[in-house]
Each structure stands twice: as structure tokens, then as C-alpha cells.
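Student: Hey, can we go through this structure together? I'd like to start with the strands and then wander a bit.
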Amino acid sequence: MVLLHVKYGDESQFLLETTVSVSIEDLTQEVTKIYNGRLKVQRVCAEIESLAEHGIFLPPNMQGLTDEQIEELKLKDEWAERCIPSGGSVFKKDEIGRRNGHAPNEKMNQVLKTTVEEAKALISKKQAQANVCVTMNMVKDALDQLRGAVMIVYPMGLPPYDPIRMEFEDKEDLSGTQAALEVIQEPEAQLWWAAKELKRAKQLSDYVGKNEKTKIIVKIQKKGQGAPAREPVISSEEHKQMILFYHKRQEELKKLEENDDDSFLDSEWADSHALKRHFQGVKDIKWRPR
């Protein structure tokens, strides 16, 4: 199997196993789905962490308003009485004004947070460091775990406008957000290797040959952005180690120079022939006339 190390820019994303016979069209679709799927898991995790701390999302017309403004406008959160967490709620005011402040109790809070950590670990960038490949099934498993945890804590479900529910139903609206800039739509996706664009009409073997034991670094990006930067000859970690090595070497040479004082060789105790002359009685002989 060919091992692909997928990157976005200079950032490592995940490892993926494939074959040299795969078409670039199919490969681009698979890489894009996993890339966008990981972003989706990260977005859901961030919202569930907020859900655990401050409860469900407020209706759009109530978000950002103070209690006095809500009372003055006579606005009411109709979903607050329906979406009550299991075991009751604990009030924790959301200073940002996005959520209603009726958070799950400590036990349910831990259910959500523990599941979030497990889901993050499943699609983490650290998987690449551990040589673990990420698949679309793993992304789906992470989303299923998150969905299950939310159903345990909120058996009556979440409001239809809550971003967590919208993510689960694939109805999320990311327009105008930073998250929208990170997502790469499949028709706009391009794969690059060794400063070459992998053309969708070709197969992977047209670029890397027939060797199934190949490992390459593939970069994903949007069309029209040009060729991505080449990979450095050495990694940042190797560069750091080299600098440390040369710095240590320079310090050692500096110490040797400081200790390279050979004036002691003129001292009597440093004369290797002094003992011999002592027994021969030829010590302190002066050859010049006095």
C-alpha cells in the first residue's frame, strides 16, 4: 500500500493508505472528504464544550441581548423548557450571550467532555506521528460518538437552530466565519506532490511508479492558489537539533581554546628529562661563560 502524508500548507493533517492504481479523481475525493470531515469533528467538539458549560443555543433573535433587553422586547426561548439536560441543569451564565446558561450537571458535563476528548484523539494530527492512518470510517465513528453523547445528555434533542444539531444534520451555515475559509469543496480541491499538480484524469502510478511501498507527502489546497511551497530538505525538528549540536560544539571548542595555555611547559616540574639529569649530576649546567 502507498502511504500518503496529507498536509495543508506546512501543517501535517493525517496519513492515508491507498494503491498506485487509484485514480487521482477518486483519491482527491477521498482526501477531501477526510480533510473536511476532520474539520467538522473539530467544530462539533468546540460547540459541545460550550454546550457542556452554558447549555443550549439561544434563539437567533435573543443572542447578544442583555436580560433587560430580552424582558423589554418580551422575547421568550420556547425551546428552553423542552431541551432540559438529564439530571437537571446548573445555571452558568454565558457572558458572550450565545447560550441560555442552563448547563448540564457535573455528571452529564463529564459525559460530554470525555466523549469530546475521545473524538479529538480519534482524528488528531498526532495520529500521523504515531503512524496511524485516518479513514472516513474513523471520522464517522467520531461523529457518532459525539451524537450519542448529546442524545444521552439531551434525550429530547437540541433546538433546530443549535449549531451542533445543524452539523449532525449537515445543515451548518459557515458563511462569514473562519471555518468557511478552511473548508475545501470537493470540485475546488487539488492535490500536489513534488511541486506537481496531480491531474484528476491520471492514476497515482503515473506520478510515483508501480512500487506499492512508496511513501509521499501530498498537499491539498484550493484551485487557483498556485503550487504550494516545497518541503524543506530537513524538518524543523532536525534543524533545531543541528543548531543545538553546533552550538554545543562551539562551546566545547571555546573551552579548549581557553585551556590551551602551554606556558607551563617551561616549568621545571614539566621537564621530562629533569630526573635523568638529576641522577647524572648535570643539573643546572650553564654552557655560556660567566
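Tutor: Sure, we'll talk about the sheet, then a pair of helices, then the pockets. Keep in mind that this is a predicted model: local features need pLDDT of at least 70, side-chain atom pairs count only at pLDDT 80 or more, and totals for chains, interfaces and linings use all residues. Residues are numbered from 1 along each chain as its sequence is written, and side-chain values use heavy atoms, with hydrogens and water left out.

Student: Cool. What's the strand order in the open sheet?
Tutor: The order is β2-β1-β7-β5-β6, 5 strands with mixed pairing. Strands (E, at least two residues) and helices (H or I, at least four) are DSSP runs, numbered from the N terminus, and two strands pair if DSSP finds at least two bridges between them.

Student: Which strands stand at the edges?
Tutor: β2 (11–18) and β6 (196–197) do; each has a single partner strand, so one side of each is left without a neighbour in the sheet.

Student: And β5 with β6, parallel or antiparallel?
Tutor: Antiparallel, over 2 bridges, with β5 covering residues 189–193. W192 has E197 in β6 as its bridge partner.

Student: Switching to helices. How do α3 and α5 cross?
Tutor: Their axes come within 9 Å and cross at roughly 175 degrees. Axes are lines fitted to C-alpha atoms, for helices over the stretch in contact, and angles run from 0 to 180 degrees between N-to-C directions. That makes α3 roughly antiparallel to α5 (the word is used for angles over 145 degrees).

Student: Which residues make the contact?
Tutor: Contact means heavy atoms within 4.5 Å. Among them are V111, L112 and T115 of α3, and A142, L146 and A149 of α5. By class, the contact has 13 nonpolar, 2 polar and 2 charged residues. Ala, Val, Leu, Ile, Met, Phe, Trp, Tyr, Cys and Pro count as nonpolar, Asp, Glu, Lys and Arg as charged, and the others, Gly among them, as polar.

Student: Okay, pockets! What volume does the largest one have?
Tutor: About 380 Å³, where a volume is the space filled by probe spheres set on grid points joined across faces, edges and corners. On a 1 Å grid over the protein atoms alone, a pocket is an open set of points where a 1.4 Å probe fits, with protein on both sides within 12 Å along at least five of seven lines; lining residues have an atom within 4 Å of a point.

Student: Who's closest to its centre?
Tutor: Of its 21 lining residues, N36, G37, K40, D170 and E172. The lining has 7 nonpolar, 4 polar and 10 charged residues.

Definitions and conventions:
Angles under 35 degrees count as roughly parallel, over 145 as roughly antiparallel, 65 to 115 as roughly perpendicular and the rest as oblique.
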